Amino acid sequence: MSELPVPDLAPVNRGPLDRSMMIGLIVLGLLAIMPLLSPILGGDYMLSLVIKAMIFAIAAISLDLVLGYGGMVSFGHAVFLGIGAYVTGIALQEGVYGAFPILALVLLISGAFALITGAISLRTTGVYFIMITLAFAQMVYFSLTSLSYYGGDDGLTLWDTPEVFGMYLFQTGSGLFYSTLVLLALIWFFVWRLAMSRFGRVLRAAKQNPTRVGSLGYNVFVYRLIAYVISGMLAGVAGFLLACQAEFISPSTTSWQISGHLIIMVVLGGLATRNGPLLGALFVVLIEEILSQITHDWRLIFGPLLVLIVLFSKGGLAGLLKNKRATG
């Protein structure tokens, strides 16, 4: 009988010069100056588009924690976006305006939903895990369509935004932009540090060989469940920001199309890489907008473009940039 492959539990040697960190900081730095460049790039419209891209980057980073590092293909990850958005919208509708209490509710409810559904879903693997996460997302989708008091299938327009110490920080373009950027930077750094910690090494090893990791004394189910809960909570934060940005909540936020979109962003950017989800989300949101301005049938261009990038860029966009810098 052949031996089981030994999982990699060794820490990653990042070397004296961390190229991926530099690339990520450059991308975040370029995003930081976008409000200054927006008047010549399209004004408030371009600023709003970049905010949307950053929000989806947060959601993609959260998905990469379970998909890239944990090997768990969640096809219902958009449900956490919807939960975050609806908790925000319902709280505002009921007279709760403080950003921190709303964020606390978003984290609590997103985490509780992830804990309950994850405890069930993680007892399956492979295509069964994909289908059960999709089923839970569809259950939430149809539940939200039945909330007639909060707009039902038509969604709900939000007439207020959360406030921070009496300031409507999320109501102004620049305020929402920099709030989103700060949260994006913090989550980007947190997920990478988590992935490189002992917890992350066990998670990555379980992706390679869960049987061997279990034989070493680690409870693979618990590690995966914790990662799933953290991922859901972070995606809930993205939902909070999405409600603030759109000033509108809709059941369509939880649709399987949005979940598929998030998977495309992660795979295109590069699975289990520091900058992959960030680059993938920015690329997908911006290139979709650019192509849609050129032609109504922009998907005929977008589809083959994705195929070419996946085929010819080892490690996605993050790998492509890293290789170019290494050979440059």
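**One cavity, one main core and three threonines**

The largest cavity has a volume of about 50 Å³, and I should say at once that what we are looking at is a predicted model, so please take what follows as a description of that model, with its values computed from the coordinates. The structure holds one cavity of 30 Å³ or more.

Let me stay with that cavity for a moment. The residues that line the largest cavity are Ile61, Asp64, Tyr69, Trp188, Val191, Trp192, Thr273, Arg274 and Pro277. Two elements, α3 and α7 (173-196), each give two or more residues to this lining, and it is α7 that gives the most, with three residues. If we sort the lining of the largest cavity by class, we find six nonpolar residues, one polar residue and two charged residues.

From the cavity I would like to turn to the nonpolar core. The largest nonpolar core has 95 residues, and within it Leu31, Leu184 and Phe240 touch the most other members. Helix α3 (residues 44-67) supplies the largest share of this core, namely 17 residues. There is also a second, separate core of five residues, and Val202, Ala205, Ala206 and Val213 are among them. As background, nonpolar side chains in soluble globular proteins tend to be buried together.

To look at one of those core residues in detail, leucine 184, once we set aside residues up to four places away in sequence, touches Leu28, Leu31, Met54, Ala57, Ile58, Ile61 and Leu278.

Now to the three threonines, beginning with threonine 180, which lies in helix α7. Is threonine 180 buried or exposed? With a relative accessible area of 0%, and with the cut-off for buried set at under 20%, threonine 180 is buried. Leaving aside neighbours within four places in sequence, threonine 180 is in contact with Ile51, Met54, Ile55, Ile58 and Leu241. The C-alpha atoms of threonine 180 and leucine 242 are separated by 9.7 Å, and these two residues stand 62 residues apart along the chain.

Threonine 133, which has its place in helix α6, is also buried, its relative accessible area being 2%. Not counting residues up to four places away in sequence, threonine 133 touches Val73, Ser74, Phe75, Gly76, Ser121 and Tyr228.

Threonine 124 sits in the loop between α5 (99-121) and α6 (126-145), and at 24% relative accessibility it counts as partly exposed, because that value falls between the 20% limit for buried and the 50% limit for exposed. Apart from its neighbours within four places in sequence, threonine 124 is in contact with Phe129 and Ile132. For phenylalanine 129 we can be more specific, since its backbone nitrogen lies 3.4 Å from a polar atom of the side chain of threonine 124.

Finally, two loop residues deserve a look at their backbone angles. Which phi does glutamate 247 have, although it is not a glycine? Glutamate 247 has a positive phi of about 50 degrees; this residue lies in the loop between α10 (220-246) and β2 (248-249), and at 34% relative accessibility it counts as partly exposed. Alanine 272, which is not a glycine either, has a positive phi of about 55 degrees. Alanine 272 is found in the loop between α11 (256-269) and α12 (276-294), where it is partly exposed, with a relative accessible area of 27%.

Key
Residues numbered from 1 in each chain as written. Predicted model: local features only at pLDDT ≥ 70, side-chain atom pairs only at ≥ 80, totals over all residues. Heavy atoms only, no water. Core = buried A, V, L, I, M, F, W, Y, C linked by side-chain atoms within 4.5 Å. Buried < 20%, exposed > 50% of the residue type's maximum accessible area, 1.4 Å probe, protein only. Helix = DSSP H or I, 4+ residues; strand = E, 2+ residues; numbered from the N terminus. Contact = heavy atoms within 4.5 Å. 1 Å grid on protein atoms, 1.4 Å probe; cavity = no way out; pocket = protein on both sides within 12 Å on 5 of 7 lines; lining within 4 Å. Points joined across faces, edges and corners; volume = space filled by probe spheres on them. Nonpolar A, V, L, I, M, F, W, Y, C, P; charged D, E, K, R; others polar. Polar contact = N/O pair within 3.5 Å; in protein donor to acceptor, adjacent residues only side chain to side chain.
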